[in-house]
Amino acid sequence: MMGGIGEKIVVVLWAMIPSFGLFLMVSLVFASLGLSIGFRKFYIYILLTVFEFGRKRIEREKRLSRDELEDNFETEKYNGINSRSNGSVGNNIGGDFVRNNNESDKDSKHQSMHEMELKIEKKEFDLSDGMNFIKQGIEAIVDDEVTKRFAAEELLSWNLLTRTNKNYQYISLRLTIMWGIGCLIRYLILMPTRVIITIIGVFWLVLCTAITGCIPDGRLKRYIYWNVSLMCFRILSRAFSGIITFHDRHNMAKEGGITVANHTSPIDVAILACDNCYALVGQRQGGFLGVLQRALARATSHIWFERFEITDRELVTRRLREHVEDPNKLPILIFPEGTCINNSAVMMFKKGSFEVGGRIYPVAIKV
């Protein structure tokens, strides 16, 4: 019985592979042309609908639990008042004996409070007395406005992950089922698809830039690289289901200019490169990033620094100025913040990129 079900599942999966491959190929062709079949927008619309339902469901459960706690508190308070009133009646019935006990308790309480006051007045300073103030001071330093920009931004809605629910807890059967289905879709469908698209995009980028690098420098090479860069980065943007909207495209950076943008994530370069071609600036890397850097450097002029050159400000400024003064080179893309932040604010730009010369094209990225 189980063997027959397993064979049917395998047959169904093998039957879906050609359809999946055809769909993936059509999507990549549309991506390379800068077109869209609307599947990503439909997918994002469904996600937002599910997230909003989850958010409302969580808020409803929290509101119900809070109301239940308030009702329990009122009940306990009412029971406490009744028990105190019953105790007072018993004391009246008991007569002078209970009253005398109460008076003696009051006298002893006043005496103990007087002794505590004397001890407080005579207490000498101890090093531990200032620990509370030190703790508050350290908390104020740690929880400042700058440090908050590097923490993960709290999302407004539930996203099937733990970013808005620090610890998983059972809320309702519907949300649990949605969470389980979301895990299956995320790890069995989306993750393999995005890994395949990333591999195809990187391979295509390396291959196209290698071929472009064999063409002699000139207008033809710049034209080919322009189209190759747009095509490859648009394919790579499909790996994270990016829906990118560009505004005021008439202010697009041109040769001899410098584009400065806020830095929200490591994929900002791929996002901006879907609309324009840029000369990138950065430190030489190894591994996967090194493969991309060498591939891009074969096709056009980028500015890569060795580790020891980054600290040489005059060298960096001179190479940037030489690049800007050449009218045949692409505009430079720089992130003057110097680091990624959580998209909740913009850090102060470093002035080095503004001292090079050339026209500055500011870009604001909002996720």
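1. Valine 291 is partly exposed, its relative accessible area being 34%. In this predicted model, valine 291 sits in helix 8, which covers residues 287–299. Its C-alpha atom is 9.1 Å from that of valine 202, although the two positions lie 89 residues apart along the chain.

2. A second pair of positions can be read in the same manner. Valine 324 belongs to helix 9 (residues 313–325). With a relative accessible area of 11%, valine 324 is buried, because the cut-off for buried is under 20%. From C-alpha to C-alpha, valine 324 and glycine 358 are 6.4 Å apart in space, and they are 34 residues apart in sequence.

3. On the overall layout, the protein chain has nine helices and five strands. Their order along the sequence is α-α-α-α-α-α-β-α-β-α-β-α-β-β. The protein chain has 367 residues, and 29% of them count as buried.

4. Helix 6 runs over residues 219–237 and has 19 residues. From its first C-alpha to its last, helix 6 reaches 27 Å, which is close to the 27 Å expected at 1.5 Å a residue. Which residues of helix 6 are buried? They are Lys221, Tyr225, Val228, Ser229, Leu230, Met231, Cys232, Phe233, Arg234, Ile235, Leu236 and Ser237. The list includes charged side chains as well as nonpolar ones, Lys221 and Arg234 being among them.

5. How many salt bridges does the structure hold? There are two. One of them joins lysine 221 to aspartate 217, with the closest N and O atoms 3.0 Å apart. The partners are not alike in exposure: lysine 221 counts as buried at 9% relative accessibility, whereas aspartate 217 counts as exposed at 70%. Lysine 221 is also one of the buried residues of helix 6 noted above.

6. The other salt bridge is formed by arginine 249 and aspartate 275, whose closest N and O atoms are 2.6 Å apart. Arginine 249 is in the loop between helix 6 and strand 1, and aspartate 275 is in the loop between helix 7 (268–272) and strand 2 (279–283), so the pair ties together parts that are 26 residues apart in sequence. Aspartate 275 is buried, with a relative accessible area of 10%.

7. Backbone angles deserve a check at two positions. Serine 241 has a phi near 50°, a positive value in a residue other than glycine. Aspartate 248 likewise has a positive phi, of about 50°, and is not a glycine. Serine 241 is placed in the loop between helix 6 and strand 1 (257–261), and aspartate 248 is found in the loop between helix 6 and strand 1 too. Are these residues buried or exposed? Serine 241 is buried at a relative accessible area of 14%, while aspartate 248 counts as exposed at 53% relative accessibility. Arginine 249, from the salt bridge in the previous point, lies in the loop between helix 6 and strand 1 as well.

8. The surface carries a nonpolar patch of about 1100 Å². Which residues make this nonpolar surface patch? They are Leu173, Ile177, Ile181, Leu184, Ile185, Tyr187, Leu188, Ile189, Met191, Val195 and Ile199. Leucine 173, a member of the patch, lies in helix 5, which covers residues 173–213. With a relative accessible area of 55%, leucine 173 is exposed, because the cut-off for exposed is over 50%.

9. There is also a patch of negative charge on the surface, where Asp67, Glu68, Glu70 and Asp71 gather. Aspartate 67 is found in helix 2, residues 39–94. Aspartate 67 is partly exposed, with a relative accessible area of 33%. That value is enough for a place in the patch, because patch residues need over 30% relative accessible area and no salt bridge.

Terms used. Residues numbered from 1 in each chain as written. Predicted model: local features only at pLDDT ≥ 70, side-chain atom pairs only at ≥ 80, totals over all residues. Heavy atoms only, no water. Patch = residues over 30% accessible without salt bridge, like charges linked within 9 Å, V, L, I, M, F, W, Y side chains within 5 Å. Areas by Shrake-Rupley, 256 points an atom, 1.4 Å probe, with all protein chains shown as cover. Salt bridge = Lys/Arg side-chain N within 4 Å of Asp/Glu carboxyl O. Charge placed at Lys NZ, Arg CZ, Asp CG, Glu CD. Helix = DSSP H or I, 4+ residues; strand = E, 2+ residues; numbered from the N terminus. Buried < 20%, exposed > 50% of the residue type's maximum accessible area, 1.4 Å probe, protein only. Expected span 1.5 Å × (residues − 1).
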